[in-house]
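Hello,

Please find the structure we talked about below. My notes on what was found in it follow, with each term explained where it is used.

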Amino acid sequence: MTPDQQAAWDRFQADTADARKPYDVFAFGDGPELADELLALVLTGTKQATASRLNLYKTMGLRPPAPGDLSLVLDGAGHPACVIETTQVDIAPFSAATEEFAYIEGEGDRSLAHWQSAHLSYFHRECAREGSFFSQDEPIVFEHFRLIWTPE
């Protein structure tokens, strides 16, 4: 963690008396604009879920998130913005996404069709950066979370 991120985590712990360590420190998406757009949805309570490729965790040598994990979410400039707690995790193929999950993820018009289109595009970009190809049979980590702290 950067000093700014550690200071935010220390403040979170002081404000909440929660002694847990962060599972992750990250920004949503794959660029500053998308990070800020998705963060805004989290801060308004619209976005309460996210989806990631299980292979990404394997590539990074990380375990997938689990219920009770805390993450420090950053804005598009890398500044601490909030803390979320993972509440539920399901691992299933891309095709297992449901209308309910798409709605809870809160992006676009919140429909499954929008979710599929946006995530196919995102996962293809992510795989291209890794030098791999995305398959719709690939396991996806469907993560539900709740916003538990903001610095303001």
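A residue is called buried if its relative accessible area is under 20%, exposed if the area is over 50%, and partly exposed in between (1.4 Å probe, protein chains only). Helices (H or I, at least four residues) and strands (E, at least two) are DSSP runs, numbered from the N terminus. With these two terms, strand β2 can be described as mostly covered: 5 of its 5 residues are buried.

Some notes on the source. This is a predicted model, in which local features need pLDDT of at least 70 and side-chain atom pairs count only at pLDDT 80 or more, while totals for chains, interfaces and linings use all residues. Residues are numbered from 1 along each chain as its sequence is written, and side-chain values use heavy atoms, with hydrogens and water left out.

**The sheet**

Strands of a sheet pair through backbone hydrogen bonds, either parallel or antiparallel. Here two strands count as paired if DSSP finds at least two bridges between them. An open sheet is formed by 5 strands in the order β1-β3-β4-β5-β2, with mixed pairing. Its edge strands are β1 and β2, each of which pairs on one side only. Ignoring direction, neighbouring strands of this sheet are turned by 35° against each other on average; axes are lines fitted to C-alpha atoms, for helices over the stretch in contact, and angles run from 0 to 180 degrees between N-to-C directions.

At one edge, β1 and β3 pair in the parallel sense over 3 bridges, and D24 stands opposite S71 in β3. Strand β4 (residues 80-93) pairs with β5 in the antiparallel sense over 10 bridges. Strand β2 (residues 49-53) and strand β5 (residues 139-149) are also antiparallel, over 5 bridges. Which residue of β5 is the bridge partner of A49? The partner of A49 is H144, and Q88 also stands opposite H144. Further along β2, S52 has V141 in β5 as its bridge partner.

In a regular strand the side chains alternate between the two faces of the sheet. Both faces of β2 are covered: A49, A51 and R53 are buried on one side, and T50 and S52 on the other. Helix α2 lies across β3, β4 and β5 and runs at about 95° to β4.

**Two buried residues**

S71 is in strand β3 (residues 70-74). This residue is buried, with a relative accessible area of 3%. Contact means heavy atoms within 4.5 Å. Leaving out residues up to four places away in sequence, S71 touches W9, Y23, D24, F26, C82, V83 and I84.

F28 is in the loop between β1 (24-26) and α2 (32-43). Is F28 buried or exposed? F28 is buried, with a relative accessible area of 3%. Among the residues that F28 touches, not counting those up to four places away in sequence, are L34, L38, K47, V73 and F145. F28 and V73 are 45 residues apart along the chain, and their C-alpha atoms are separated by 7.6 Å.

**Aromatic rings**

Rings of Phe, Tyr and Trp (its six-membered ring) pair if their centres lie within 6.5 Å; planes under 30 degrees apart count as stacked, over 60 as edge-to-face and the rest as tilted. The structure holds 12 aromatic pairs. The rings of W9 and F12 have centres 4.8 Å apart and planes at 50°, so this pair is tilted. Both residues lie in helix α1 (residues 3-16), 3 residues apart, about one turn of the helix, and both W9 and F12 are buried. The pair of F26 and F28 is edge-to-face, at 4.9 Å centre to centre with 80° between the planes. F94, F101, W115, Y122, F123, F134 and F142 form one aromatic cluster.

A charge sits over a ring if NZ of Lys or CZ of Arg is within 6 Å of the ring centre and within 35 degrees of the ring normal. K47 lies over the face of F28, at 5.3 Å from the ring centre, and R110 lies over the face of Y103, at 3.7 Å.

**Nonpolar cores**

A nonpolar core is a set of buried Ala, Val, Leu, Ile, Met, Phe, Trp, Tyr and Cys residues joined through side-chain atoms within 4.5 Å. The largest has 15 residues, and A51, W115, F123, I140 and F142 have the most contacts inside it. Helix α5 gives the most to this core, with 5 residues. A second, separate core of 11 residues includes L38, L41, V73 and I84.

Regards
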